[in-house]
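Q: I would like to learn how to read a structure one feature at a time. Please take me through it.

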Amino acid sequence: MITTQTTLFSEIEKVIKGLNFASITEERKTVLQPLADFIQDKVSNQQEIRINFICTHNSRRSHLSQVWAQAMASYFNVKNVFCYSGGTEATALFPMAAETLKNQGFQIKTIAEGKNPIYSIKYGENAHPIIGFSKKLDDDFNPKSEFAAIMTCSQADGGCPFIAGAEKRIPITFEDPKAFDNTPQQAEKYQERSLQIATELFYVFSQVNL
């Protein structure tokens with residue numbers, strides 16, 4: 001059976017083509033390299049690639065990372081990549097994070113309302129949707145073994161020195177756009193953080209030799 005590459009929505013392709021790769025410093029590339037190495041090792045051994053992005057509340061950075069990583073895997077045609085997210089506690093996917101992804105070309109549909117809404121997030125017409133909702137890192141929705149735990153916030157990184165079942169634990173922390181909630185710069189700062197995450201995950205997947 002021949003597997004074909006999933007075509008991303010044109011709006012997402014446009015965002016990717018406009019990313020500023022010069023913004024990634026050599027120091028930051030060193031931080032990102034262990035994730036690229038993890039993916040490369042799995043590709044070389046024809047194994048499934050599971051990546052769980054972990055933050056404190058699983059509400060902003062971990063979701064942005066999960067969604068962009070899945071999209072970048074598709075963009076670079078890296079097969080058998082399964083991206084997840086979790087927190088040290090469950091809250092809710094923050095509406096501005098979902099709105100930011102929508103503005104950058106993702107199709108987002110609310111499939112369950114409530115205190116912790118559940119979203120379907122699509123990056124291509126034939127792509128399997130990402131199910132976005134806030135959950136603890138060890139939730140049954142997430143893998144129990146053979147995954148890389150990516151610590152996207154310094155609080156979770158410091159508070160979780162050990163992640164059960166993780167093959168690798170890699171800190172790649174981002175500043176929290178939450179600091180700008182309910183300010184005039186809110187939308188701009190969420191977009192900025194999302195684009196930083198997209199840029200760095202583009203770099204990670206671009207390092208993988210198929």
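Q: Which handedness does the β-α-β unit made by β1, helix α3 and β2 have?
A: To read such a unit, follow the chain from a strand through a helix to another strand. This model is predicted, and in it β1, α3 (residues 61-75) and β2 form a right-handed β-α-β unit.

Q: In which sense do β1 and β2 pair, and over how many bridges?
A: For a strand pair, look at the direction of the strands and at the bridges between them. Strand β2 covers residues 81-87, and β1 pairs with β2 in the parallel sense over seven bridges. As one point on this pairing, N52 is opposite Y84 of β2.

Q: What other strand pairs with β1, and in which sense?
A: A strand has two edges, and each can be checked for a partner. Strand β6 (residues 147-151) also pairs with β1, in the parallel sense, over four bridges. Two residues of β1 show the register: F53 has I150 of β6 as its bridge partner, and I54 has M151 of β6.

Q: How many of the residues of β1 are buried?
A: Burial is read from relative accessible area, and a residue under 20% counts as buried. Strand β1 runs over residues 49-55, and seven of the seven are buried, so the rest of the structure largely encloses this strand.

Q: Which residues of β1 point one way and which the other?
A: Side chains along a strand can be sorted by the side they point to. From β1, the residues I49, I51, F53 and C55 point one way, while R50, N52 and I54 point the other way. Residues of both sets are buried.

Q: How many residues of β6 are buried, and which way do they point?
A: The two readings used for β1 apply here too. In β6, five of the five residues are buried, and the strand is mostly covered. F147, A149 and M151 point to one side of β6, and A148 and I150 point to the other.

Q: Which strand do five bridges join to β6?
A: Look again for a partner and a direction. Strand β7 (residues 166-171) runs parallel to β6, and five bridges join the two. One bridge partner in β7 is I170, which stands with I150. Between these strands the chain passes through helix α5 (residues 154-159), and this β-α-β crossover is right-handed.

Q: How many disulfides are there?
A: A disulfide is a covalent bond between the sulfur atoms of two cysteines. To find one, check the distance between the sulfurs: a pair counts when they are within 2.5 Å. The count here is zero disulfides. C55 is in no disulfide, as the nearest cysteine sulfur, that of C153, is 3.1 Å away. For C160, the closest cysteine sulfur is also in C153, but at 8.6 Å this is too far for a bond.

Q: Are C55 and C160 buried or exposed?
A: Compare each value with the cut-off for burial. C55 has 5% relative accessibility, so C55 counts as buried. C160 has 13%, so C160 counts as buried.

Q: Where does M72 lie, and is it buried or exposed?
A: Place a residue in its element, then check its accessibility. M72 belongs to helix α3. Its relative accessible area is 0%, so M72 is buried. A residue can also be located by its distance from another: M72 and S120 are 48 residues apart in sequence, and their C-alpha atoms are 18 Å apart in space.

Q: How many cavities of 30 Å³ or more are found, and what lines the largest?
A: A cavity is read by its volume and by its lining. One cavity of 30 Å³ or more is found in the whole structure. The largest cavity holds about 50 Å³ of space. Its lining residues include L32, L35, F53, I150 and E200. Helix α6 (186-206) gives three residues, the largest share of this lining. By class, the lining has eight nonpolar, two polar and one charged residues.

Q: What volume does the largest pocket have?
A: An open pocket is read in the same steps. The largest pocket has a volume of about 740 Å³. It is lined by 29 residues, and those closest to its centre are Q70, V81, Y123, A127 and H128. Its lining divides into 14 nonpolar, 13 polar and two charged residues.

Note on methods
Residues numbered from 1 in each chain as written. Predicted model: local features only at pLDDT ≥ 70, side-chain atom pairs only at ≥ 80, totals over all residues. Heavy atoms only, no water. Buried < 20%, exposed > 50% of the residue type's maximum accessible area, 1.4 Å probe, protein only. Pairing = 2+ DSSP bridges. Right-handed = clockwise from strand over helix to strand, strands pointing away. 1 Å grid on protein atoms, 1.4 Å probe; cavity = no way out; pocket = protein on both sides within 12 Å on 5 of 7 lines; lining within 4 Å. Points joined across faces, edges and corners; volume = space filled by probe spheres on them. Nonpolar A, V, L, I, M, F, W, Y, C, P; charged D, E, K, R; others polar.
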